[in-house]
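Reader: Hi! I am new to protein structures and would like to go through one with you, step by step. Could we take a look?

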Amino acid sequence: MKIYTRGGDQGKTSVIGGRRFKHDLRIHAYGALDEVNSFIGQARVICERSELDVLKPQLLTIQHELFDCGSDLATVKEDAVLKVQPAMIEQLEAWIDAYTEKSPQLERFILPGGSELAASLHVCRTETRRAERAIVELKQEEPIHEPVLQYVNRLSDYFFAAARFVNHSLNVSDVEYERSAIVFKE
Amino acid sequence: MKIYTRGGDQGKTSVIGGRRFKHDLRIHAYGALDEVNSFIGQARVICERSELDVLKPQLLTIQHELFDCGSDLATVKEDAVLKVQPAMIEQLEAWIDAYTEKSPQLERFILPGGSELAASLHVCRTETRRAERAIVELKQEEPIHEPVLQYVNRLSDYFFAAARFVNHSLNVSDVEYERSAIVFKE
Amino acid sequence: MKIYTRGGDQGKTSVIGGRRFKHDLRIHAYGALDEVNSFIGQARVICERSELDVLKPQLLTIQHELFDCGSDLATVKEDAVLKVQPAMIEQLEAWIDAYTEKSPQLERFILPGGSELAASLHVCRTETRRAERAIVELKQEEPIHEPVLQYVNRLSDYFFAAARFVNHSLNVSDVEYERSAIVFKE
Ligand code: B12
Ligand code: B12
Ligand code: B12
Ligand SMILES: C[C@H]1O[C@@H](n2cnc3c(N)ncnc32)[C@H](O)[C@@H]1O
Ligand SMILES: C[C@H]1O[C@@H](n2cnc3c(N)ncnc32)[C@H](O)[C@@H]1O
Ligand SMILES: C[C@H]1O[C@@H](n2cnc3c(N)ncnc32)[C@H](O)[C@@H]1O
Ligand SMILES: [Mg+2]
Ligand SMILES: [Mg+2]
Ligand SMILES: [Mg+2]
């Protein structure tokens, strides 16, 4: 089997149910999710070397679910069965709540970094936000499966909460942005 | 010698044979290749710590060749001698074939990750695909040296094949995407 | 406190003094700086494991200052007090000069990589250049606080100079791009 088909050399490629330019907003959107997924791959490797057992199965689940997101975005045929469900978003929210509860109170922005794992999760966070921008841009032009956008929106908050929890668990203090106003309120 | 010239503070910069805005599609395209090259720099560091001797010289060659790609894309003057040649693409294909042959049969999508080196190669893969999208977008607007696009297209397949080979060699199983159809076919 | 507000699920979000689409050029620009900041978080972690004491406080300062850049770009209300000042740019230039002086003479392009820390700084360099492209694009459409662009322009040169200094200090030779012309001149 050859994975290279030379079919993409002219700049077009296949989606599920059609054919598009590679710089199409749709391809850009699920390509960005593939980027996020590869950064999570790195976080997962670091996680496996740590003792933070709670995180690893979550990262694996998220990697599977980002494929779900990607395949929903790659689908342009009518009547397709789509994969992203509200329960997946609720699961992310429950994980966020659990991490937030176990982390110190937060008032100001914090600098990305601290432990190796938290630094890697901050990269996942910002890459996820870039993917979110791409999906929002796509949504202005073409219909998308809305739960995908919600999932990706919540996912960057998940990475933020997880990074804070990881640093706290490893006894690494997050450094506050020194000119931050009090930005986190409820 | 000062590397900062302050010349770019107004947003314009030089290409080989002209002057452009920094957000020009052309600058964006070779800037994206510079990004890929920096991620390969990280993969090369990890590779040097491993025992996978076959990969390291390939990564070095690819770094040189991405500069070739970049300088071809940076060139807008007539009658320039361009650097990317079909033989470079054939070389990538030969490397892909060799890795594919030595890796387990593939039917379904796999999650990026596994070993540290494979995780890094998956990042290279997805960043290369982002660069490819930028080059295809440029090609809609202006002429490009076509072999550059073919090279970059094949390069992401190279990283995929290399990542699979690396995990296999290190006895790390790739995790299949659990809701994947059978997507890799003859 | 819940960090997820569900307010962004329709694709709009708040800036300082207004509300915008998430794929707005302004959000894209400070989002890209947030990406850069997260990669610096990784460089800082590697730096802390090394003996290069000069770099760590600089990276911390830069992380704070990238928040300054981001909040200036996020501000759209009139009469706001902005944070980025010329002295911050002069400081970057002084650091660049000091690193350049302590590094070997440079004539040709070098491949990103070498030591783990330098490889990470090259990633910071290329991501900073992507952010610069986004800011230049924004500047074509809307007014920006000009020192932000100058800061970000100089920042990528800082990462280049720092990466060279780091490899030199660690006795790792930078590999020259083998088909490079003499590109660095007075
Ligand atoms: C979407 C997509 C991606 C997305 C995937 C995921 C995501 N969800 O985000 C992304 C961008 C990540 C991706 C990446 C890659 N992809 Co891709 N991808 C596709 C695409 C467009 C759709 C695949 C898919 O999900 N199909 C969904 C299923 C449901 O559709 P289907 O296969 O048509 O199946 C239907 C029927 O055929 C039937 N069916 C399917 N299988 C079977 C089996 C049996 C026995 C039966 C009876 C019926 C049946 O049931 C389905 C019902 O609708 C295909 C091209 C295409 N149009 O198929 C390429 C494709 C699978 N990708 C390809 C490649 C090469 C890759 C990459 C290696 C590229 C790279 N260098 O990075 C990576 C690998 C990533 C990884 N980690 O494994 C190649 C594979 C070439 C080959 N030799 O087989 C394809 C075929 C494109 C191509 N022609 O070049 N990809
Ligand atoms: C393309 C380019 C890049 C690309 C490079 C590669 C690629 N292939 O993708 C990218 C985007 C990666 C890049 C990055 C950087 N670049 Co650059 N780059 C250029 C650019 C536009 C062209 C360089 C080139 O390849 N020229 C090709 C050769 C063939 O052209 P040439 O130099 O004009 O040479 C011709 C003649 O002059 C003659 N010639 C050349 N040398 C000699 C010598 C002799 C003795 C003789 C007789 C004739 C001769 O022969 C050539 C025939 O055509 C130049 C600006 C420019 N227009 O020159 C900046 C330039 C070289 N870059 C510069 C800088 C600062 C950088 C970065 C440090 C920026 C950063 N912060 O990241 C990095 C360094 C990257 C690295 N890893 O080393 C500066 C250097 C400033 C200085 N003090 O010298 C320049 C001059 C731009 C500028 N004014 O700011 N760059
Ligand atoms: C810009 C911005 C960012 C930028 C920040 C930085 C930068 N400089 O680049 C970026 C993109 C990086 C960012 C990231 C995040 N952000 Co943000 N961000 C904002 C935004 C738009 C402005 C914050 C700011 O700097 N305000 C500047 C100050 C000066 O303005 P102000 O707070 O209105 O304060 C004025 C007055 O209210 C008063 N004041 C303020 N505090 C106090 C206190 C007292 C006692 C008094 C008397 C007066 C007073 O004084 C100020 C004078 O003008 C806010 C939304 C908003 N409009 O406020 C969200 C916001 C703070 N972010 C939020 C979130 C969730 C995040 C992220 C976690 C998202 C993520 N998943 O990645 C990350 C965290 C990053 C980190 N490392 O900590 C949420 C927080 C939700 C909550 N529960 O509080 C907000 C409120 C947006 C929202 N509604 O969702 N963010
Ligand atoms: C926390 C702040 O980050 C900005 N914001 C919201 N979503 C994104 C995104 N996908 N990318 C970058 N910035 C974003 C908004 O300004 C929000 O208020
Ligand atoms: C494997 C699948 O990935 C998509 N595809 C092809 N090229 C790119 C790219 N540069 N970036 C993102 N996605 C791409 C197509 O949908 C292809 O079928
Ligand atoms: C060194 C060379 O890099 C290009 N250049 C200048 N600024 C950027 C940027 N932000 N991103 C990518 N490339 C850039 C110009 O062509 C310059 O001459
Ligand atoms: Mg292909
Ligand atoms: Mg410059
Ligand atoms: Mg939110």
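Reader: Thanks! Let me begin with a side-chain pair: which residue meets A:Glu178 in a salt bridge?

Author: Good place to begin, and keep in mind that this is a predicted model. Side chains of opposite charge can pair when their charged atoms come close. Here the N to O distance is 3.1 Å, and the partner of A:Glu178 is A:Arg179.

Reader: Does A:Glu178 count as buried or exposed?

Author: A residue counts as exposed when its relative accessible area is over 50%. The value for A:Glu178 is 54%, so this residue passes the cut-off. Its partner A:Arg179, at 35%, counts as partly exposed. For A:Glu178 the answer is therefore exposed.

Reader: How many salt bridges are there over all chains?

Author: The pair A:Glu178 and A:Arg179 is one example of a salt bridge. A search of the whole structure, taken over all chains, gives 60.

Reader: Which residue forms a salt bridge with B:Glu142, and how many residues apart are the two?

Author: The partner is B:Arg26, with the closest N and O atoms 2.9 Å apart. The pair links distant parts of the chain: B:Glu142 sits in the loop between α4 and α5 of chain B, while B:Arg26 belongs to helix α1 of chain B. B:Glu142 is partly exposed at 22%, whereas B:Arg26 is buried at 4%. Along the sequence, B:Glu142 and B:Arg26 are 116 residues apart.

Reader: What does the pair of C:Arg125 and B:Asp34 join?

Author: These two form a salt bridge, and their closest N and O atoms are 2.9 Å apart. Both C:Arg125 and B:Asp34 are buried. C:Arg125 lies in helix α4 of chain C and B:Asp34 in helix α1 of chain B, so what the pair joins is two chains.

Reader: Which residues of chain A are linked in a network of salt bridges?

Author: The network has members in chains A, B and C. Among them are B:Glu35 and C:Arg133. From chain A, the members are A:Glu35, A:Glu127, A:Arg130 and A:Arg133.

Reader: How many of the residues of α4(C) are buried?

Author: Let's look at its length before we count. At 1.5 Å a residue, this helix should span 38 Å, and its end C-alpha atoms are 39 Å apart, which agrees. It is largely enclosed by the rest of the structure, because the number of buried residues is 21 of the 26.

Reader: What span should the 17 residues of helix α3 of chain C have?

Author: We again take 1.5 Å a residue for this helix, which runs over residues 86-102. Its end C-alpha atoms are 25 Å apart, and that agrees with the span it should have, 24 Å.

Reader: What arc do the buried residues of α3(C) cover around the axis?

Author: An α-helix has 3.6 residues a turn, so residues three or four places apart point the same way. In α3(C), the buried residues include C:Met88, C:Leu92, C:Trp95 and C:Tyr99. The buried residues lie on the same side of α3(C), because they cover an arc of only 160°.

Reader: Which helices do those buried residues pack against, and which exposed residues are on the face turned away?

Author: The buried residues of α3(C) pack against α2 and α5 of chain C. On the face turned away from the buried side, the exposed residues are C:Ala87, C:Glu90 and C:Glu101.

Reader: What rotation superposes chain B on chain C?

Author: Two copies of a chain are related by a rotation about an axis and a shift along it. For chains B and C the shift is 0.0 Å and the RMSD is 0.0 Å, with a rotation of 120°. The two copies are thus related as by a three-fold rotation axis. The copies use different surfaces, as 6% of the contact residues of chain B recur in chain C, and the rotation asked for is 120°.

Reader: To finish, what pattern does chain A follow along the sequence?

Author: Chain A has 5 helices and 2 strands. UniProt, in an unreviewed entry, places the feature "domain: Cobalamin adenosyltransferase-like" at residues 3-166 of chain A, and that span is 66% helix and 5% strand. Read along the sequence, the pattern of chain A is β-β-α-α-α-α-α.

Conventions:
Residues numbered from 1 in each chain as written. Chains lettered and ligands numbered in written order. Predicted model: local features only at pLDDT ≥ 70, side-chain atom pairs only at ≥ 80, totals over all residues. Heavy atoms only, no water. Least-squares fit on C-alpha atoms with pLDDT ≥ 70 in both. Contact = heavy atoms within 4.5 Å. Helix = DSSP H or I, 4+ residues; strand = E, 2+ residues; numbered from the N terminus. Expected span 1.5 Å × (residues − 1). Buried < 20%, exposed > 50% of the residue type's maximum accessible area, 1.4 Å probe, protein only. Arc of directions from axis to C-beta. UniProt positions renumbered as here; feature names shortened; annotations may be inferred. Salt bridge = Lys/Arg side-chain N within 4 Å of Asp/Glu carboxyl O.
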